[in-house]
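Take a look at the fold below before reading on. We will go from its main pocket to the overall build, and then to single residues.

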Amino acid sequence: MQVDKLIAVWLPIVLGIVMIGAGAVNFVGPGSVRDSFARWGYPAGFHRVTGGLEVTAGVLLLIPATSRAGAIGSVAILLAAVMTLIRHRDWKHLPGAVALTAVAVAVTIRG
């Protein structure tokens with residue numbers, strides 16, 4: 001498979017699925033998620049805002065006409081996550097967030 005096809009077709013789909021899955025978990029907000037958001041200083045219920053934004057970005061990524069908007073939204077969401085993790089020295093979650101951010105940037109700048 002050609003690299004340009006991978007980036008243009010499959011990467012947005014994979015990122016969209018990941019964003020929808022992560023967003024669903026954040027929106028439902030199991031105890032560990034609520035505890036993390038509280039530890040990071042976010043107000044109660046903010047996990048639902050984050051989850052809703054993640055699901056929205058994920059759905060946009062799955063629709064070719066809106067894929068770039070979903071990628072840009074994903075970059076913004078993931079950069080905020082990376083900044084939060086760095087600020088609170090949550091090093092164990094940082095590599096995954098950085099990797100997803102890189103994927104979102106690649107989808108955003110694809111030609």
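Which helices each supply at least two residues of the lining of the largest pocket? The answer is α1, α2 (31-39), α3, α4 and α5. Keep in mind that this is a predicted model.

Start with the pocket itself. Its volume is about 660 Å³. A total of 26 residues line this largest pocket. Nearest its centre lie Asn26, Phe37, Trp40, Glu54 and Ala81. By type, the lining splits into 17 nonpolar, 7 polar and 2 charged residues. One helix gives the most to the lining: α4, with 6 residues.

Now step back to the whole chain. The protein chain has 5 helices and 0 strands. Read from the N terminus, its elements run α-α-α-α-α. The C-alpha atoms fill a box of roughly 45 × 25 × 20 Å along the principal axes. How does the radius of gyration of the protein chain fit that of a compact globule? With 111 residues, such a globule would have a radius of gyration near 13 Å, and the protein chain has 14 Å, so the two agree. Buried residues make up 33% of the 111 residues. Sequence distance matters for reading the contacts. Among contacts between residues at least 6 apart in sequence, 64% join residues at least 24 apart.

Next, follow α4, the helix that gives the most to the pocket lining. Helix α4 covers residues 67-87, which is 21 residues. From its first C-alpha to its last, α4 reaches 30 Å, close to the 30 Å expected at 1.5 Å a residue. Which residues of α4 are buried? They are Ser67, Gly70, Ala71, Ser74, Val75, Ile77, Leu78, Val82, Thr84 and Leu85. What covers these buried residues includes α1 (3-28), α3 (46-62) and α5 (94-109). Just after α4, arginine 89 takes a positive phi of about 50 degrees.

Two of those covering helices can be seen through single residues. Take α5 first. Threonine 101 is found in α5. Is threonine 101 buried or exposed? Its relative accessible area is 9%, below the 20% cut-off, so threonine 101 counts as buried. Which residues does threonine 101 contact, leaving aside its neighbours within four places in sequence? They are Leu78, Leu79 and Val82. Of these, Leu78 and Val82 also appear among the buried residues of α4.

Then turn to α3. Leucine 53 is found in this helix. Leucine 53 has a relative accessible area of 48%, so it is partly exposed. How far apart in space are leucine 53 and serine 74? They are 8.6 Å apart, C-alpha to C-alpha, with their positions 21 residues apart in sequence. Serine 74 is one of the buried residues of α4.

End in a loop. Glycine 41 has its place in the loop between α2 and α3. With a relative accessible area of 61%, over the 50% cut-off, glycine 41 is therefore exposed. Glycine 41 and arginine 110 are 69 residues apart in sequence. In space, C-alpha to C-alpha, glycine 41 and arginine 110 are 35 Å apart.

How values were computed:
Residues numbered from 1 in each chain as written. Predicted model: local features only at pLDDT ≥ 70, side-chain atom pairs only at ≥ 80, totals over all residues. Heavy atoms only, no water. Helix = DSSP H or I, 4+ residues; strand = E, 2+ residues; numbered from the N terminus. Expected span 1.5 Å × (residues − 1). Buried < 20%, exposed > 50% of the residue type's maximum accessible area, 1.4 Å probe, protein only. Contact = heavy atoms within 4.5 Å. 1 Å grid on protein atoms, 1.4 Å probe; cavity = no way out; pocket = protein on both sides within 12 Å on 5 of 7 lines; lining within 4 Å. Points joined across faces, edges and corners; volume = space filled by probe spheres on them. Nonpolar A, V, L, I, M, F, W, Y, C, P; charged D, E, K, R; others polar. Rg over C-alpha atoms; globule rule 2.2 N^0.38 Å.
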